[in-house]
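Reader: I would like to go through this structure by question and answer. Please keep the replies short.

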Amino acid sequence: MVLVMKLLFLTCLWPTATLHSSHSQHHHLHHRQQLSFSRKHTSKREIKMRKLDSTKVRPLKSEQLLHIEDHDFALRPGFGGSPIPVGIDVQVESIDSISEVDMDFTMTLYLRHYWKDERLSFRSNKNKSMTFDGRLIKKIWVPDVFFVHSKRSFIHDTTVENIMLRVYPDGNVLFSLRITVSAMCFMDFSRFPLDTQNCSLELESYAYNEDDLMLYWKHGNKSLSTDEHISLSQFFIEEFSASSGLAFYSSTGWYNRLFINFALRRHIFFFVLQSYFPAMLMVMLSWVSFWIDRRAVPARVSLGITTVLTMSTIMTGVSASMPQVSYIKAVDVYLWISFLFVFLSVIEYAAVNYLTTIEERKQLKKRGKASGMYMDAVQAMAFDGCFHDTDVDMDLSGFSEPCEDSETRMSETNISNADTNRLKRKRSLKGNVGRIILQNNHVIDTYSRIIFPSVYIVFNFFYWGLYI
């Protein structure tokens, strides 16, 4: 009986257990399908990402072709063997500026390097080269050429970096870049502005001495070419030339060095207009003083001071645009000699004034003038700027009213006679003005009219003959 009850109970529970087991199996199956779908989706996404990032994981086709990943390009080609020859050629695009104050020049050029690196050789059925931009430069070996005595330089980067790399199937490489460089030029201004300056731009390897790298001009003297339209405002470019040499450093040894030499001859016309011609005019203007009446003290003194100050201004303007060198320049010689002529013209009148005053005193003493009248004449000369020579006043009474007034004050007792004589003098002056002016000049003025121009002309002949 008990056995029969157990059988009935098991028979009732069987469908429920079967249903629960079936539901559990269905749930596990659904979960497995979801996991499988998720794994497939993840796998597809990873494959897609790998395709997108394949440039980062795998090398470029060009790099594969050049076997860049198979070599160590930190070492120069042929490391441990003979020095690698690196050819150079340069095309000068322009000379942008020449600065005398900073003693430097700025040049824009195309710099090209030629060498052979067998590690970059590749197979090519058509024997064609491959050209790359600057992105490949960082992954291969390139010569480390720099500019000696350069102050600043840069590679042009508009619109992209102006760098070109061309690789040939046999491993020959052409590396070209466009550079603007400012470098020192050791100038000699002893003949300025009639000078010719010789400047040079020097190229050299920074790390590799002559045991590792041999720097040379690729095509000899033809390795240096220039643009036909190169011109400068102050200079005429006489010649460009290429040369080479060696440079020694006590720490690292001998290095190959290449030179880009060029000669600049200065245009003088600008300086003739700005310095030489004004100086000539000031010197000639100072000679006008020799033809002015020696009694016209204000006129001659003011003319002399004006010319001296003008010459000082010209000299200051020239010095402001030049470096402060410790030697004399050609323009300094001319300006200082011109300044000396102007200064001597002022000194000449000082001598004339002094000697005339002494001569007048002697004449007054000889004529027996009273001491009071003598002192009145000297004081009058100091105030009105006129010499009171009796003979001269009688000849020039029509031109110098202040002098006539002082003469009248000294001879009040003879007024009627003076009026009569004055009328006679006015009639005689009409045809004798030139003769009176010449007779009134001091002997120093007479000689100065000839000596000053003659000496200045001789100086100009020697100056221009020496410097040109």
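Author: One definition before we start: two strands pair if DSSP finds at least two bridges between them. Also note that this is a predicted model.

Reader: Which residue of β12 stands opposite Phe-248?

Author: β11 (235-249) and strand β12 (residues 253-266) pair in the antiparallel sense. Their pairing runs over 14 bridges. In β12, the residue opposite Phe-248 is Trp-254.

Reader: How many residues join β11 to β12?

Author: The two strands pair in the antiparallel sense. A hairpin links them, and its connection from β11 to β12 has 3 residues.

Reader: In what order do the strands of the open sheet lie?

Author: The open sheet has 4 strands, with antiparallel pairing. From one strand to the next, the twist averages 25°. The order is β4-β8-β12-β11.

Reader: Why is one side of β4 and of β11 left without a neighbour in the sheet?

Author: Strands of a sheet pair through backbone hydrogen bonds, either parallel or antiparallel. β4 (145-148) and β11 (235-249) each have a single partner strand, so one side of each lacks a neighbour in the sheet. The place of both strands is at the edges.

Reader: Which residue of β8 is the bridge partner of Val-148?

Author: β4 and strand β8 (residues 196-205) run antiparallel. They are joined by 4 bridges. Val-148 has as its bridge partner in β8 Glu-202.

Reader: Is His-149 buried, partly exposed or exposed?

Author: His-149 sits in the loop between β4 and β5. Its phi is positive, near 65°, and His-149 is a residue other than glycine. Buried means under 20% relative accessible area, and exposed means over 50%. With a relative accessible area of 36%, His-149 is partly exposed.

Reader: Turn to β1. Which residue of β2 stands opposite Val-92?

Author: β1 (84-99) and β2 (104-116) pair in the antiparallel sense. The pairing runs over 11 bridges. Opposite Val-92 in β2 stands Leu-109.

Reader: Which residue takes a positive phi in the hairpin of β1 and β2?

Author: This hairpin has 4 residues between the strands. The residue asked for has phi near 55°, although it is not a glycine. At 25% relative accessibility it counts as partly exposed. In the loop between β1 and β2, that residue is Met-103.

Reader: In which sense does β1 pair with β9, and which residue of β9 is the partner of Pro-85?

Author: β1 and strand β9 (residues 213-217) share 5 bridges. The sense of that pairing is parallel. In β9, Pro-85 has as its bridge partner Met-214.

Reader: Which residue of β10 is the bridge partner of Val-90?

Author: Strand β10 (residues 224-226) pairs with β1 in the parallel sense. The two strands share 3 bridges. The partner of Val-90 in β10 is Leu-224.

Reader: Where does the second largest pocket have its lining, and which strands each supply at least two residues?

Author: The second largest pocket holds about 300 Å³ of space. Its lining has 19 residues, and the closest to its centre are Pro-85, Trp-115, Lys-116, Asp-117 and Asn-172. The strands that each supply at least two lining residues are β1 (84-99), β2 (104-116) and β7 (172-184).

Reader: How many residues of that lining are nonpolar, polar and charged?

Author: The lining of the second largest pocket includes Trp-115 and Asp-117. Its residues divide into 10 nonpolar, 4 polar and 5 charged.

Reader: Which residue does a cis peptide bond join to Thr-158?

Author: Omega of this bond is about 0°. The partner lies in the loop between β5 (150-155) and β6 (163-167). It is Thr-159.

Reader: Where is Pro-193?

Author: The peptide bond from Phe-192 to Pro-193 is cis. Its omega is near 0°. Pro-193 is in the loop between β7 and β8.

Reader: Last, the whole protein. What share of its contacts between residues at least 6 apart in sequence join residues at least 24 apart?

Author: The protein has 12 helices and 12 strands. Of its 468 residues, 37% count as buried. Contact means heavy atoms within 4.5 Å. Among contacts between residues at least 6 apart, the share joining residues at least 24 apart is 76%.

Definitions and conventions: Residues numbered from 1 in each chain as written. Predicted model: local features only at pLDDT ≥ 70, side-chain atom pairs only at ≥ 80, totals over all residues. Heavy atoms only, no water. 1 Å grid on protein atoms, 1.4 Å probe; cavity = no way out; pocket = protein on both sides within 12 Å on 5 of 7 lines; lining within 4 Å. Points joined across faces, edges and corners; volume = space filled by probe spheres on them. Nonpolar A, V, L, I, M, F, W, Y, C, P; charged D, E, K, R; others polar. Axes fitted to C-alpha atoms, helices over the stretch in contact; angles between N-to-C directions. Buried < 20%, exposed > 50% of the residue type's maximum accessible area, 1.4 Å probe, protein only.
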